[in-house]
Amino acid sequence: FPMFILFFVVASILTTFLTKNGINTDIFHYFKILSKFCIVMAMSAIGLNTDIIKLIKTGGQAIFLGGSCWIAITLVDLLMQRFLNLW
């Protein structure tokens with residue numbers, strides 16, 4: 001079981017509980033910065049450990065599907081923003 005999921009759930013519950021009980025949300029500012037830093041480090045570690053040639057040879061269809069989904073989601077998001085006059 002990935003422990004980061006457990007930590008995420010505990011942090012979410014703790015933040016919600018403290019915010020609902022009147023704790024100032026400014027104290028969470030540095031935790032947000034730290035969490036962004038940790039996410040960037042984790043993604044970098046995963047990316048640096050990836051063998052691109054092996055990934056393309058064994059997962060070409062998955063890469064194509066992921067790229068297609070990314071493009072479709074981006075287009076739908078931009079269309080919705082335009083439709084809702086957000087830009």
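These legends accompany close-up views of a predicted model.

**View 1. The chain fold is built from helices, in the order α-α-α.** The chain has 3 helices and 0 strands. Helix 1 covers residues 3–20. Helix 2 covers 29–48.

**View 2. The C-alpha trace spans about 55 × 40 × 20 Å along its principal axes.** The chain has a radius of gyration of 19 Å. For a compact globule of 87 residues, the value would be near 12 Å. Buried residues account for 2% of the 87 residues. The exposed area of the chain is about 8200 Å². Carbon and sulfur atoms supply 76% of that area.

**View 3. A nonpolar patch lies on the surface, with F1, M3, F4, I5 and L6 among its residues.** F7, F8, V9, V10 and I13 also belong to the patch. Together, the patch residues have about 1100 Å² of accessible area.

**View 4. F8 is a residue of helix 1.** F8 counts as exposed because its relative accessibility is 60%, and the cut-off for exposed is over 50%. F8 is also part of the nonpolar surface patch.

**View 5. The largest pocket has a volume of about 650 Å³.** Its lining comprises 15 residues. F7, F8, A11, F31 and S35 lie nearest the pocket centre. Helix 1 and helix 2 are the elements that each give two or more residues to this lining. F7 and F8 appear in the nonpolar patch as well.

Key. Residues are numbered from 1 along each chain as its sequence is written. This is a predicted model: local features need pLDDT of at least 70, side-chain atom pairs count only at pLDDT 80 or more; totals for chains, interfaces and linings use all residues. Side-chain values use heavy atoms; hydrogens and water are left out. Helices (H or I, at least four residues) and strands (E, at least two) are DSSP runs, numbered from the N terminus. The radius of gyration is taken over C-alpha atoms; the globule rule is 2.2 Å times the number of residues to the power 0.38. Buried means under 20% relative accessible area, exposed over 50%, partly exposed in between (1.4 Å probe, protein chains only). Accessible areas come from the Shrake-Rupley method with a 1.4 Å probe; for residues, only the protein chains shown count as cover. Patches are made of residues with over 30% relative accessible area and no salt bridge: like charges are joined within 9 Å, nonpolar side chains (Val, Leu, Ile, Met, Phe, Trp, Tyr) within 5 Å. A salt bridge is a side-chain nitrogen of Lys or Arg within 4 Å of a carboxyl oxygen of Asp or Glu. On a 1 Å grid over the protein atoms alone, a cavity is a set of points where a 1.4 Å probe fits but cannot get out, and a pocket is an open set with protein on both sides within 12 Å along at least five of seven lines; lining residues have an atom within 4 Å of a point. Grid points are joined across faces, edges and corners, and a volume is the space filled by probe spheres set on the points.
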